[in-house]
Amino acid sequence: SKLASPAALENLREHFRHLDTQVKLATAELNHAYFMVTYAAPDAEAHVKRTINRIIQRERPPDGPPPPNLQRDRIASISSFWYPSHAVYRTVSKFAKALKGKYKMTLVALDGVKDVDMELFDERSDVGIVNGNIDTRPIHNLGAMVAFYPDVGMSASSVILANQRLAPIQIMACGHPVSTFGSKIDYFLSGRDIENEERARRNYSERLVLIPGRGATPNKISWPRHRPVKPAEPVVVFCPWSAPKTNADILRVLKKIAERARKRVSFHFSPGGGLRRNGFTPFQMAIHDMLGADQVVIHPPMEQKLYMERFEHAHLCLDAFPFGGLNTVVDPLYLGIPVLAYEGTRSFNQYAAHLLRKLGFSDLIASSDEEYIAKAVKLIDDADYRQACTDAIAKIDFDRDVFGEGE
């Protein structure tokens, strides 16, 4: 929650950059550093993850005996978030479903995840951390040729398992599009349109395998669209960023946007369910300190129906930086709302730009703070320009150009 605070963000960055390689890990909490370092201190990501990987591998030797009764046509998909409302599922489930009927598929559900989609799976096996330990025998005994990980790093169980040799071939995908930097994953599936050889050597320890497109394809949305009438002011700017994406650096940029815009602005945040324990209060305080409480609305966690209904009243949407989104760009476009993307050099801050460019909205892509500020201010102040963008969005064939990617 405290990445929104300038002081706390700098403290976290200092902590990550000087993480002692002999640190001891509390097993149930280790994914917090593994996950958060990408958002707080990308320059320290490789160091932090390599350190955690080494500790896990030292305490749990990764190379055990080969799985018994190895089956060439069996795939174990190992996930903590395989349910329809989660971003991981919405991003990579189409690729997994392309395997149906060709392989025997087992879902290895981590940590008791509920409401999973079993459509493509023949069976389910449950694995999780109990009293600080995780029993890998249920996976090992499957005899799977491939272990497929859509969301490594988003749970402690996934981090531990990624440092084990559970199948001869171990693959991860863009459900959480960041490298493990030294686990026992062999291959990383990503998109040909957003990766290049130079960045691959710098951003991945796994062997990068490029497939057509961006390597992440959104699922179809079928929510009704109401097209509400919106008042001229305040201009509602929706920031559908999870708490880790809401950092002090991007909040400083929002402050400049509000200062330069002639029209009144109301920033709406939707941090989702990631603010655990007492995280909401410091998160809210940090945003109020930066932007002022009078021009900020922070929404509590919402079911997707209510989320889409609230979203539809926004005038425009801003993508986060450095960790951008894909579903959080598709949703507002589907609702007819212009989106401004901030393009970087990692896959997770290229998805939005790639989609907008493909749809003919290159003008809604920025690659620096100043460009981002200028384009946001134009969308806020120039109602005619914003309406022209809205009219162009209304002409998008979503089934064909967004949800219907056949590759």
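**View 1. Six strands form an open, parallel sheet in the order 12-11-10-13-14-15.** The edge positions belong to strand 12 (296-298) and strand 15 (365-366), each of which pairs on one side only. Strand 14 (residues 339-342) pairs with strand 15 in the parallel sense over two bridges, and within this pairing Tyr 342 has Ala 366 of strand 15 as its bridge partner. Strands here are DSSP runs of E with at least two residues, helices are runs of H or I with at least four, and both are numbered from the N terminus; two strands pair if DSSP finds at least two bridges between them. This is a predicted model, in which local features need pLDDT of at least 70 and side-chain atom pairs count only at pLDDT 80 or more, while totals for chains, interfaces and linings use all residues. Residues are numbered from 1 along each chain as its sequence is written, and side-chain values use heavy atoms, with hydrogens and water left out.

**View 2. Two cis peptide bonds that precede prolines, Pro 234 and Pro 322.** The bond joining Glu 233 and Pro 234 is cis, with omega about -5°, and Pro 234 sits in the loop between strand 9 (207-211) and strand 10 (235-239). The bond joining Phe 321 and Pro 322 is also cis, with omega about 10°, and Pro 322 sits in the loop between strand 13 (316-318) and helix 11 (327-334).

**View 3. Asp 111 and Asp 115 in the loop between strand 2 and strand 3.** Asp 111, in the loop that runs between strand 2 (104-110) and strand 3 (123-127), has a phi near 60°, a positive value in a residue other than glycine. Asp 115 likewise has a positive phi near 60°. Asp 111 is partly exposed at 42% relative accessibility, whereas Asp 115 is exposed at 67% (buried means under 20% relative accessible area, exposed over 50%, and partly exposed in between, with a 1.4 Å probe and protein chains only).

**View 4. Cysteines in a structure with zero disulfides.** A disulfide is a pair of cysteine sulfur atoms within 2.5 Å. The sulfur of Cys 317 cannot form such a bond because the closest cysteine sulfur, in Cys 239, is 7.2 Å away, which is too far. For Cys 389 the closest cysteine sulfur is that of Cys 317, at 13 Å, again too far for a bond. Cys 317 is buried, with a relative accessible area of 1%, and Cys 389 is buried as well, at 8%.
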